[in-house]
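Visitor: I'm new to this structure, and I'd like a close look at a single part of it. Could you take me through the place where the two chains meet, and what lies around it?

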Amino acid sequence: MEVITGEQLIKALALLAAGLSMGLGAVGPGIGEGFVGGKACESIGRRPDEANLITKTMIIGQAISETTGIYALVVALILIFVV
Amino acid sequence: MMVSSLFSVIGSGIAMGLGSIGSAVGEGMIAMSAVESLGRQPKASAKLLRIMIIAQAVTETAAIFALVISLLLLFQAGTDSLFKGITYLSAGIAIGLGTIGAGLGAGLPGASAMKGIGKQPRNSDVLTVHMIIGQAVTQTSTIFALTVSLILIMLAPTGGLLKMAACLGAGFAMGFGAVGPGIGDGLVARFANLGVARDPRNMGLLTRTMIIGQAITETTDIYAMVVSLILIFVI
């Protein structure tokens, strides 16, 4: 059995943490964007004439909901490549 | 040898145990809405029963993926490499957690289709088509999880501590990462179905918006898959 150094242990835990960061970080944005898209579809069902306006607002809303997912991605990549 | 086998058996249990949660709840929601609609429209019972079974069959897909991986892991139980044991455990975690979202997500449009048919049975054909499109897109997150699980199972049996931690991380990233987008896709499809039930003439517009909405919801899932593939192949 080879000896495990402290540095290796830190790197290994950083990789595990990267997985947890991206995994848990994707839960919220996924559900949040689903709410935005769902309600946009509901509004279009009610007022089909306003479809363009609603789609535009939906995309902006989803893009903003997405930001926390991107933070999680950035943190995961830092944990993989920098730590 | 004992320890490595233990990991693959635990992975198998995690895959099937967690993997059945989403589909079971999703199918329950569909049946619940179908029963509610039956109370409103007893004459449409044959139609409701038929479409309920179609919707539940599609929702079941996620659990079947988990079953396949679970059985694959059980057959691998004789492994003598600790690294392979860890990758089997990671594969179980990825598919187990990864099916929760898609199972729940596929249940939501199914339930709203049942509700719509209960309100207006003559829209049932349009609603069924729309429901199946919505449910099919919802399954993407499970398919990503299945892909990562199969890659983890097929990995060559060599690797040290770093590689083990990376594989475990990949399993968690893909597993948890598929939960949110799965439920989110289901929510989009649910409300789109309610819109179609209200007025089937808007179906084209609603399908378009639904697919755009679901594609954007799916992005976090794709990030999770990218991170897990980096963890598997680059580290």
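Guide: Happy to. On the chain A side, 44 residues take part in the contact, and chain B brings 40 residues to it. Keep in mind as we go that this is a predicted model. Together the two chains bury about 3,400 Å² between them, and 80% of that lies on carbon and sulfur atoms. Three residues are worth picking out on the chain A side: Leu15(A), Leu16(A) and Cys41(A) supply 15% of the area that chain A buries against chain B, more than any other three residues.

What about charges and polar groups? There are 0 salt bridges between chain A and chain B. Polar contacts do turn up, with 5 residue pairs counted between the two chains, both partners at pLDDT 80 or more. As for which parts of chain A face chain B, the elements giving two or more residues are α1 (6-25), α2 (27-46) and α3 (51-81) of chain A. Of these, α2(A) has the largest share, 15 residues. Sort that side of chain A by class and you get 26 nonpolar, 12 polar and 6 charged residues.

Now follow the nonpolar residues inward. The largest nonpolar core has 47 residues, and those with the most contacts inside it are Met22(A), Ile80(A), Ile95(B), Leu152(B), Met174(B), Val227(B) and Leu231(B). So which elements build this core? Those giving two or more residues are α1 and α3 of chain A, along with α2 (45-75), α3 (82-119), α5 (140-154), α6 (161-177) and α9 (219-233) of chain B. The one that gives the most is α3(B), with 10 residues.

Ile80(A) is a nice spot to zoom in on. Leaving aside residues up to four places away in sequence, Ile80(A) touches Lys11(A), Leu15(A) and Ala18(A) in chain A, and Val227(B), Ile230(B), Leu231(B) and Ile235(B) in chain B. You've met Leu15(A) already, as one of the three residues that supply 15% of chain A's buried area against chain B. There is also a second, separate core of 30 residues, which includes Ala51(A), Met29(B), Ala55(B) and Ala113(B).

One last stop, over in chain B: Ser5(B) is found in helix α1 (residues 2-40). Is Ser5(B) buried or exposed? Ser5(B) counts as buried, because its relative accessibility is 13%. Not counting residues up to four places away in sequence, Ser5(B) touches Ala77(B), Gly78(B) and Thr79(B). For a sense of scale, the C-alpha atoms of Ser5(B) and Gln120(B) are separated by 55 Å, with the two residues 115 residues apart along the chain.

Key:
Residues are numbered from 1 along each chain as its sequence is written. Chains are lettered from A and ligands numbered from 1 in the order in which they are written. This is a predicted model: local features need pLDDT of at least 70, side-chain atom pairs count only at pLDDT 80 or more; totals for chains, interfaces and linings use all residues. Side-chain values use heavy atoms; hydrogens and water are left out. Contact means heavy atoms within 4.5 Å. Buried area is the accessible area (1.4 Å probe) that two parts lose on being put together, summed over both. A salt bridge is a side-chain nitrogen of Lys or Arg within 4 Å of a carboxyl oxygen of Asp or Glu. A polar contact is a pair of N or O atoms within 3.5 Å; within protein, one must be able to donate a hydrogen and the other to accept it, and residues adjacent in sequence count only if both atoms are side-chain atoms. Helices (H or I, at least four residues) and strands (E, at least two) are DSSP runs, numbered from the N terminus. Ala, Val, Leu, Ile, Met, Phe, Trp, Tyr, Cys and Pro count as nonpolar, Asp, Glu, Lys and Arg as charged, and the others, Gly among them, as polar. Buried means under 20% relative accessible area, exposed over 50%, partly exposed in between (1.4 Å probe, protein chains only). A nonpolar core is a set of buried Ala, Val, Leu, Ile, Met, Phe, Trp, Tyr and Cys residues joined through side-chain atoms within 4.5 Å.
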